[in-house]
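Colleague: Before I plan anything, walk me through this model. I want the reasoning behind each label.

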Amino acid sequence: MDWMTLTPEEWTAVRLSLRVATVATLASLPFGVAIAMLLARGRFWGQSVLNGLVLMPLILPPVVTGYILLILFGRRGPIGAFLADHFGIVFSFRWTGAALACGVMGFPLMVRAIRLSIEAVDARLEQAAGTLGANPAWVFATVTLPLIVPGILAGMILCFAKAMGEFGATITFVSNIPGETQTLPSAIYTFTQVPGGDVGAFRLTLVSVAIAMLALLASEVMARFANRRLDIE
Amino acid sequence: MTLAIDIKHRLGAFLLDARFETGGGLIALFGRSGSGKTSIISIIAGLIRPERGRIAIEDDVLVDTARDIFVPCHRRRIGYVFQEGRLFPHLTVRQNLLYGRWFAPRAKRGDDLERVVDLLGVGALLERRPGRLSGGEKQRVAIGRALLADPRLLLMDEPLASLDEERKAEILPYIERLRDRSKVPIIYVSHSIAEVTRLATTVVLLSEGKVAAVGPTSEIMHRLDLLPLTDRAEAGAVIEATVEGHDESFSLTELRSRAGLWRVPRLDAPVGARLRLRVRAQDVMLAKSAPTDLSALNVLPGVVNEIGPHDGPIVEIRLDCNGEVLIASLTRYSVARLSLAPGVAVFALVKSVAVDRRSLGGPVMPAEAEADTDAADT
């Protein structure tokens, strides 16, 4: 048997991880941009509280974040019960729960990258757009957004990479169910816990490294493309 | 168009308390740095909300704090040319120029792209991005961008301040054309007497946040009592003249004004062209009798009209040269030695090379002439 070939179970874990990370990244993107915009350009009471809340998952032990998610979004949790009753969205012990956990863990990285790029945009350009007749929504769409594309891409890559590697919060919130919530890190962990699992763990490790490298390369290429478009000397 | 402004606004320890009314043409907001010029146009544009006051264009009230009216910047249709251009780096020159058209009311779209491109000479730049433009090119594109948003008023905040003399000379003719050809009134912020003399129809003189004087450019420039507020070292007279001929053998141009004939170094202007020139007070000498064997080519008879306040060593003297004003700055000692007093007949001597070339520009056309020029263009 070729030791490099992934078993069907391992393929399932890889596919699931990619799906979870993609969904986590895309679903958090609109919130990420909105919150980054609020933190960078807004001036309101409780701004530092919001900033702290967003950064929290970065500092808390992942297990604690997972447990908080379990309390809030579990079947009997206040938000989880509401979403299940009214929208039929269930998180506990589903891949959607894994995506939620990964999204929450990647969110601070995404917001930070986007926020920094918004702060780098010259607010005087936004003023100029205003004098040309653009209302604030159009200013955002035609000036701010195009100028922060590199930051958004960087934030998405960071969030995606974090989501691919997320372990603690995911396993605490939605456990480690093969085919449903067993992502790459959980699968590697499981392999290391059974005798003779080393080969499988090694194969999945190689896959992880390859995906991480690809993501980094992609972000480099996209950043270069975005900068060329801006014609920065 | 009438623009009426009456605002009070505190910026730290600085109190802006400005009130004036202006018509069309190019209105210069003139004053030293820190006199509140930029704050006033930021308030007119809607970038700053004044603490108290009222701003209206005709009957359209933009700000009235008493009635809680504040029209947001993007609904004012007031163009703004910033000191540093502020072009959008991610858009081409063409896209920058057309940016405001997305938002301008369709029916009211005034100037079209070709006309503005032609007026500002930016045709060769259209597909380039702002990052690759020179300072002067950037400023011309910024002016075009503001114009194409179809503004009813154009604000220019020292658009030449960040440019060197050569670039300034490149843009000034475009601003003159804009003033004479387009019907959009311009409020032009500047602290340069040369620029204001060359461009302005009306001057609003500001000092420490307050309006010190409002009036036609030459009237403000010729008031000796305002000199401490403008720039005493740069004080001078504004003279309207016509090109009478060129003396090719000596590379001179002869200009005719009410005061008499001026000879200046060769100018690139056709015979019959009307010009405005500025003669600095420090370049004018006075004599009580007509001097002979003198190198200075311009000798103009006149009468002392007013002697300025004399507290220091230097005194400014205003002359009436056949209806034209000239200003001379002399030492108090010379004034006493020549016993100069209002009514005394003198001769003003001006070296040809002293005529301020930076301020040489086309005259401000009267309103009726605008329509003719427009017709001739199309």
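What follows is a short exchange on chain B and its contacts.

Modeller: This is a predicted model: local features need pLDDT of at least 70, side-chain atom pairs count only at pLDDT 80 or more, and totals for chains, interfaces and linings use all residues. Residues are numbered from 1 along each chain as its sequence is written, while chains are lettered from A and ligands numbered from 1 in the order in which they are written.

Colleague: What makes chain B as compact as a globular protein of its length?

Modeller: Chain B has nine helices and 20 strands. The globule rule (2.2 Å times the number of residues to the power 0.38) gives 21 Å for 378 residues. The radius of gyration, taken over C-alpha atoms, is 22 Å, close to that value, so chain B counts as compact in that sense.

Colleague: How many residues of chain B count as buried?

Modeller: Of 378 residues, 41% do. Buried needs 20 or more other C-beta atoms within 10 Å of the residue's own, with C-beta atoms placed from the backbone.

Colleague: What confidence does chain B get?

Modeller: The average pLDDT (the predictor's confidence in each residue, from 0 to 100) is 85, and 92% of the residues score at least 70. Over residues 365-378 of chain B, pLDDT stays under 50.

Colleague: How many residues of chain B are in contact with chain A?

Modeller: 22 residues of chain B meet 18 of chain A. Contact means C-beta atoms, placed from the backbone, within 7 Å. Strand S7 (residues 78-81) of chain B gives the largest share of its side, three residues. The predictor gives the complex an ipTM of 0.80.

Notes:
Helix = DSSP H or I, 4+ residues; strand = E, 2+ residues; numbered from the N terminus. Buried ≥ 20, exposed ≤ 12 C-beta atoms within 10 Å, placed from the backbone. Contact = placed C-beta atoms within 7 Å.
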